[in-house]
Amino acid sequence: MSSHGPSAAPGIGVGTWAWGNQFLWGYDPAQDTELAACFHRAVDLGLTLFDTADSYGTGRFGGRSESLLGGFVADLPPARRQGLTVATKLAPFPWRLGRRGFAEAFEASRHRLGGHLDRVQLHWSTARYAPWQEGPLLEGLADLLEQGRVGSLGVSNLGPRRLRLVHERLARRGLRLSSLQVQLSLLAPDALAADGVASVCRELGIDLLAYSPLALGLLGRPPGEDQGRPAGPRGLLFRRLQPRIQPLLQTMQRIAHAHDAPMAAVAINWCRAHGAIPLVGLRRVDQAEAAAAAASWCLDDGERRDLDRVAQRCEGRMPANPFQSA
């Protein structure tokens, strides 16, 4: 599946995983002013989907991503607020049980987001370790949708089989599943396999959201350049994968030059060319501007095929999400 013009391709969403996350992203409250500026610039440039989660934020910054996003949305004029879709994910922690297992979590997220909550999502499937937990939690989320407490419902980290079951479960109640988000990038292309979730989403009319479309930043780095690596776990991943993905980075750089665009835009537009909405993690104003600029053009069919081919042969792969279900 590919697109020839910007209007035919899916839009671009904003991921807020880094807002409050010290472990992977080195968050510091001193960054909040820049995060606010980044948010407002993104909205000004027409980015309207913002994705967060109640588990985003490490240690004492638990829930920080939702709180920051809620505050930034509240600062907008009411008319601008109306055009946004604010989505959060609720984590199926082991103590969240039964049909009302998410009741407190939902209220807490809603409070942190200042009441601006348009879509609620199951953060991951419990199919691999507690399959009995998932059904009642989903029924509880469906109750919220049925009661008009939230506008739409999504899921995350579900495979094709589980996705069909959830879709059927909701359809029996006359309810629609709006979206599925999974890890999807040139270094994590599994969703696009012949029997993958992308084809199920197309068949059932479910929006496919691609998280980590830049593979934690790896796909924004020119080939061969040994720039300083990030600290912590990201640095370890970069060290392991960078030498193994050079042919892919070289192909991306060639396409980026042809479009006079940064390499990150190629990674973003590869997701869009496959019908997915990339959730691009933004922390700075220049990143917001680059993401919005990527929406102004699309890969042609030849470019997409070149990237598909080199991605399939690529020796480096992002680690799979351990909670991803079949």
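What follows looks at helix packing, aromatic pairs and a few loop residues in this predicted model.

Helices α2 and α3 are a handy place to start. Helix α2 covers residues 32–44 and helix α3 covers residues 64–74, and the two pack at an angle of about 55° with their axes 10 Å apart. Angles that are neither under 35 degrees, nor over 145, nor from 65 to 115 count as oblique, and α2 and α3 are therefore oblique to each other. Their crossing is right-handed. On the α2 side, the contact is made by D32, L35, A36, F39 and H40, which meet R64, L68, L69, F72 and V73 of α3. Sorted by type, the residues of this contact come out as seven nonpolar, one polar and two charged.

Two of the residues in that contact, F39 and F72, also turn up in the ring analysis. The structure holds nine aromatic pairs. In the pair formed by F39 and F72, the ring centres are 5.7 Å apart and the planes sit at 35°, so the pair is tilted. This pair links distant parts of the chain, with F39 in helix α2 and F72 in helix α3, 33 residues apart. Both F39 and F72 are buried.

Another pair has a flatter geometry in the sense of the stacking cut-off, planes under 30 degrees apart. The rings of W124 and F323 have their centres 4.7 Å apart and their planes at 10°, so this pair is stacked. Here too distant parts of the chain are linked: W124 is in the loop between β4 (119–122) and α6 (131–146), F323 is in the segment after α13 (301–313), and the two positions lie 199 residues apart in the numbering sense of being that far apart. As for accessibility, W124 has a relative accessible area of 12%, so W124 is buried. F323, at 31%, is partly exposed. W124 and F323 also belong to a cluster that ring pairs build together with F93, W95 and Y129.

The loop between β4 and α6 holds A130 as well. With a relative accessible area of 5%, A130 is buried. A130 and P94 are 36 residues apart in sequence, and their C-alpha atoms are 8.6 Å apart in space.

Turning to the loop between β7 (207–211) and α9 (232–241), this is where L219 is found. L219 has a relative accessible area of 0%, so L219 is buried. Leaving aside residues up to four places away in sequence, L219 touches S185, L186, L187, P213, L214, L248, L249, M252, M263, A264 and A267. L219 and A91 are 128 residues apart in sequence and 28 Å apart in space, C-alpha to C-alpha.

Two residues of the β7–α9 loop have backbone angles worth a look. A215, found in this loop, has a positive phi of about 50° although it is not a glycine. L216, also in the loop between β7 and α9, has a phi near 60°, again a positive value in a residue other than glycine. Buried means under 20% relative accessible area; A215 therefore counts as buried at 0%, and L216 counts as buried at 13%.

Helix α13 packs against two other helices, α10 and α11. The axes of α10 (residues 246–258) and α13 come within 9 Å and cross at roughly 170°. Angles over 145 degrees count as roughly antiparallel, and α10 and α13 are therefore roughly antiparallel to each other. In α10, residues P247, L248, T251, M252, R254 and I255 meet E303, D306, L307 and V310 in α13. The residues of this contact divide into six nonpolar, one polar and three charged. L248 and M252 are also among the residues that L219 touches.

Helix α11 (residues 263–273) approaches α13 differently in angle: the two pack at about 100°, with their axes 11 Å apart. That makes α11 roughly perpendicular to α13. V266, W270 and A273 of α11 make the contact with R304, L307 and D308 of α13. By type, this contact has four nonpolar, no polar and two charged residues. L307 thus appears in the contact of α13 with α11 and in the contact of α13 with α10.

Definitions and conventions:
Residues numbered from 1 in each chain as written. Predicted model: local features only at pLDDT ≥ 70, side-chain atom pairs only at ≥ 80, totals over all residues. Heavy atoms only, no water. Axes fitted to C-alpha atoms, helices over the stretch in contact; angles between N-to-C directions. Helix = DSSP H or I, 4+ residues; strand = E, 2+ residues; numbered from the N terminus. Left-handed = near helix turned anticlockwise from the far one by under 90°. Contact = heavy atoms within 4.5 Å. Nonpolar A, V, L, I, M, F, W, Y, C, P; charged D, E, K, R; others polar. Phe/Tyr/Trp six-rings, centres within 6.5 Å; stacked < 30°, edge-to-face > 60°. Buried < 20%, exposed > 50% of the residue type's maximum accessible area, 1.4 Å probe, protein only.
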